[in-house]
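Q: Hey, I've just opened this one and don't know my way around yet. Can you walk me through it?

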Amino acid sequence: MVTGLAAGEARLGWSLPGATLAHVHGVLMVSAFFGTVIGLERAVAIGHRWAYAAPLSSGLGGLATIAGAPVAGAALLVLAAALFGAVNAVAAHRQPALFTVVLLCGGLSWLVGGLAWLATFDATAAVPWWAGFLILTIAGERLELSRFLKPGRWRVPSAAVVMGLVLAAPLAGVIGPAVMWPLWGAALMLLTVWMLVNDVARRTIGQPGLTRYVAVCLFAGYAWLGIAGVTALLLPVGAGGMVYDAVLHAVFVGFVFSMVFGHAPVILPAVLRVKVPFLRLYYLPLALLHLGLALRVAGDLGGLPEWREWGGLLNGVVIVLWIVTTAAATIVATRRRAAEQARTRPAPADAS
């Protein structure tokens with residue numbers, strides 16, 4: 001993750017050690033970092049040891065890419081995506097439902113993106129599929145939680161249509177970008193509307209503490225997903241252009257990382273078997289994340305390169321600081337609980 005972020009800052013013009021890896025920023029962040037993190041989560045959920053081969057392969061693929069072995073790295077990432085798809089196929093077989101099918105489609109989208117990267121080493125061909133991997137994975141998990149809402153007649157059928165459009169948009173790239181990007185934008189806008197109407201966060205945002213924080217992260221992410229959709233639908237998205245940069249980072253930073261900030265305190269305890277404490281301080285990096293992205297997108301769309309550069313730098317710094325803060329808070333809380341348990345534990349009886 002750190003190498004991928006440094007490579008991204010190098011793409012913006014900052015002098016960082018990741019300059020030589022600037023061209024693999026996308027594959028490191030999506031396939032290596034998110035592939036490993038999400039792969040671990042799904043491996044824990046499915047409960048089979050072989051499932052851990054997916055995050056192992058994606059982690060090794062990222063290391064190989066950093067080490068200067070792009071073919072081996074890409075091959076390992078394709079293997080990771082294939083194994084991840086198998087994990088989701090098992091989950092869909094265990095529990096046939098729309099949300100498990102959506103998760104499976106997300107895994108397949110990652111696989112297609114990995115194959116496109118292996119065949120061309122051109123991120124332009126792979127990015128729509130990589131985005132589909134993350135969008136459909138998040139959407140599938142939120143769809144699962146929507147079952148706790150009052151049953152709605154059109155909730156599942158409308159979700160199937162919207163998720164299908166998200167998956168169909170990259171397929172339309174065969175016709176050409178002039179067709180794919182407007183379709184993708186429309187799909188993201190429809191998905192945003194569906195989420196705002198059907199997400200359980202509409203009810204939980206009124207609750208205190210961690211529950212409200214998660215809901216705030218979700219709604220902030222949905223706002224950026226909608227912005228990405230409107231931008232892709234209304235403006236020409238040229239590969240490598242500023243609009244292209246704005247759309248992609250509205251999705252990958254605004255939507256995806258907002259979801260990461262919100263879900264980490266909930267998911268990490270299940271994956272690492274540690275309790276992550278909630279701190280009001282978490283709102284600060286969340287606000288700074290969106291401030292940095294707003295600067296970047298405004299710089300992209302307004303032709304202000306300095307805004308774009310500083311916004312991108314702020315995003316990278318905030319992501320690292322958020323992870324350090326979360327890890328430090330978790331370590332301190334764990335040690336404090338251990339000390340309290342030691343103080344309250346009864347002393348052993350005197351053997352004499």
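Q: What does D300 form a salt bridge with?
A: D300 pairs with R308, and their closest N and O atoms are 2.9 Å apart. A salt bridge here is a side-chain nitrogen of Lys or Arg within 4 Å of a carboxyl oxygen of Asp or Glu.

Q: Are D300 and R308 buried or exposed?
A: Both D300 and R308 are buried. Buried means under 20% relative accessible area, exposed over 50%, and partly exposed in between, using a 1.4 Å probe and protein chains only.

Q: Which residues are joined into one network by salt bridges that share partners?
A: D245, R296, D300 and R308.

Q: And how far apart are R308 and D245 in their salt bridge?
A: 3.5 Å, N to O. That pair links distant parts of the chain, with R308 in helix α13 (residues 305-344) and D245 in helix α11 (residues 242-272), 63 residues apart. Helices (H or I, at least four residues) and strands (E, at least two) are DSSP runs, numbered from the N terminus.

Q: Before I go on, where do these numbers come from?
A: This is a predicted model, where local features need pLDDT of at least 70 and side-chain atom pairs count only at pLDDT 80 or more, while totals for chains, interfaces and linings use all residues. Residues are numbered from 1 along each chain as its sequence is written, and side-chain values use heavy atoms, with hydrogens and water left out.

Q: How many salt bridges does a search of the whole structure find?
A: Four. One of them joins D199 to R142, with the closest N and O atoms 2.7 Å apart. D199 sits in the loop between α8 (177-198) and α9 (201-204), while R142 is in helix α6, 57 residues apart.

Q: Is that pair buried or exposed?
A: D199 counts as buried because its relative accessible area is 2%. R142 is buried too, at 6%.

Q: New topic. How many helices and strands does the chain have?
A: 13 helices and zero strands. Buried residues make up 48% of the 352 residues.

Q: What's the radius of gyration?
A: The chain has 21 Å, which agrees with the value near 20 Å for a compact globule of 352 residues. The radius is taken over C-alpha atoms, and the globule rule is 2.2 Å times the number of residues to the power 0.38.

Q: What about helix α5, how far does it reach?
A: Helix α5 (residues 98-120) has 23 residues and spans 33 Å from its first C-alpha to its last, close to the 33 Å expected. The expected span is 1.5 Å times one less than the number of residues.

Q: Which helices do its buried residues pack against?
A: The buried residues of α5 pack against α2, α3, α4 (70-94), α6 (123-145) and α7 (155-171). Among those buried residues are W110 and W117.

Q: And what follows α5?
A: F121, with a positive phi near 50 degrees.

Q: Where is A51?
A: A51 is in the loop between α2 (25-46) and α3 (53-66). Leaving aside neighbours within four places in sequence, A51 is in contact (heavy atoms within 4.5 Å) with A43, I46 and V87.

Q: Is A51 buried or exposed?
A: Buried, with a relative accessible area of 1%.
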